[in-house]
Amino acid sequence: MPITLADITAAADRIRGAVAVTPCPSSIALSLATGCEVFCKLDHLQRTGSFKERGARNALLLLTPAQQRQGVIAASAGNHALALAYHAGLLSIPATVVMPIHAPLMKVSNCRQLGATIVQHGQTIADAAELAHKLEAERGLTYINGFDDAAIIAGQGTMGLEILEQVPDCDAILVPVG
């Protein structure tokens, strides 16, 4: 599933206006600690608190009209769930999220508040994903994986384009992966 610059640029065009362009200010503390100028992309300022909105919006916009009417499903314990619930709600796409029973109560509550149908199942994300795939088949939903999906990856990549616009002479971009 190679993702190209063209895929990311198309995603940026697709999500423009619906996902915040977040600031990327210099961090005095990190710059002093490292001896070089460090900038931090503040995607925690997105409505749902993470960069995950970028990919969720892009993936939802790439669905066919029939898929949008039928709805989407995902397995997530948090940020992908919130992003999908939020943007599906904005686009009037029915969304179901299967969350492990240990998912943080605040994330579960916020997803419900954003309009998603929440099903809590299993101890792990793998357990939740297993049920999500079963419901996908039974209900004709479209499964949107929070990380292993070309549309999600291209959408998340839009952050890199913003960084390069905001800090055009950067030497390196460090990305934490969790």
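Contact here means heavy atoms within 4.5 Å. Keep that in mind as you click around this predicted model.

**The whole chain**

Start with everything shown as a cartoon. You should find eight helices and four strands, running in the order α-α-α-α-β-α-β-α-β-α-β-α along the sequence. Turn the chain about and its C-alpha atoms fill a box of roughly 55 × 35 × 30 Å along the principal axes. The radius of gyration is 17 Å, which agrees with the value near 16 Å for a compact globule of 178 residues.

Now switch on a surface. About 9,600 Å² is accessible, and 59% of that belongs to carbon and sulfur atoms. Of the 178 residues, 43% count as buried. If you colour the charges, there are 12 positive and 15 negative ones, and their mean positions sit 10 Å apart. As for contacts with a separation of 6 or more, 60% of them join residues 24 or more positions apart.

**The loop before H3**

Select His44, in the loop between helix H2 (28-34) and H3. What does His44 touch, once residues up to four places away in sequence are set aside? Gly49 and Ser50. Then pick Thr22 as well: the two residues are 22 apart in sequence, with 8.5 Å between their C-alpha atoms.

**Helix H3**

Move along to H3 itself, where nine of the ten residues are buried. The buried set isn't just nonpolar side chains to click on: it includes Lys52, Glu53, Arg54, Arg57 and Asn58. Gly55, Ala56, Ala59 and Leu60 are buried there too. Show the neighbours of these buried residues and you'll light up helix H1 (5-15), helix H4 (65-70), S1, H5 and H8.

**The largest nonpolar core**

Next, show side chains for Leu60, Val72, Leu84, Met99, Ile118 and Ile144. Within the largest nonpolar core, which has 26 residues, these six touch the most other members. Two or more residues come from each of helix H3 (52-61), strand S1 (72-75), helix H5 (79-90), strand S2 (95-99), helix H6 (105-113) and helix H8 (150-166). Which element gives the most to this core? H5 does, with seven residues.

Zoom in on Ile118. Beyond its neighbours up to four places away in sequence, Ile118 touches Val97, Met99, Val108, Cys111 and Arg112.

**A second core, and Val98**

There is also a separate core of ten residues, with Val98, Ala132, Leu135 and Leu141 among them. Centre the view on Val98, which lies in strand S2. Is Val98 buried or exposed? It is buried, because its relative accessible area is 0% and the cut-off for buried is under 20%.

Leaving out neighbours within four places in sequence, the contacts of Val98 include Ile73, Ala74, Ala75 and Ser76. Further along the chain, Val98 also meets Val119, His121, Ala128, Leu131, Ala132 and Leu135. For a distance to check, draw a line from Val98 to His133: 9.8 Å from C-alpha to C-alpha, across 35 residues of sequence.

**Last stop: Ser92**

Finish in the loop between H5 and S2, where you'll find Ser92. Its phi is positive, about 60°, although Ser92 is not a glycine. Ser92 is exposed, because its relative accessible area is 65% and exposed means over 50%.

Conventions. Residues are numbered from 1 along each chain as its sequence is written. This is a predicted model: local features need pLDDT of at least 70, side-chain atom pairs count only at pLDDT 80 or more; totals for chains, interfaces and linings use all residues. Side-chain values use heavy atoms; hydrogens and water are left out. The radius of gyration is taken over C-alpha atoms; the globule rule is 2.2 Å times the number of residues to the power 0.38. Buried means under 20% relative accessible area, exposed over 50%, partly exposed in between (1.4 Å probe, protein chains only). Accessible areas come from the Shrake-Rupley method with a 1.4 Å probe; for residues, only the protein chains shown count as cover. Lys and Arg count as positive and Asp and Glu as negative; His and the chain ends are not counted. The place of a charge is taken as NZ of Lys, CZ of Arg, CG of Asp or CD of Glu. A nonpolar core is a set of buried Ala, Val, Leu, Ile, Met, Phe, Trp, Tyr and Cys residues joined through side-chain atoms within 4.5 Å.
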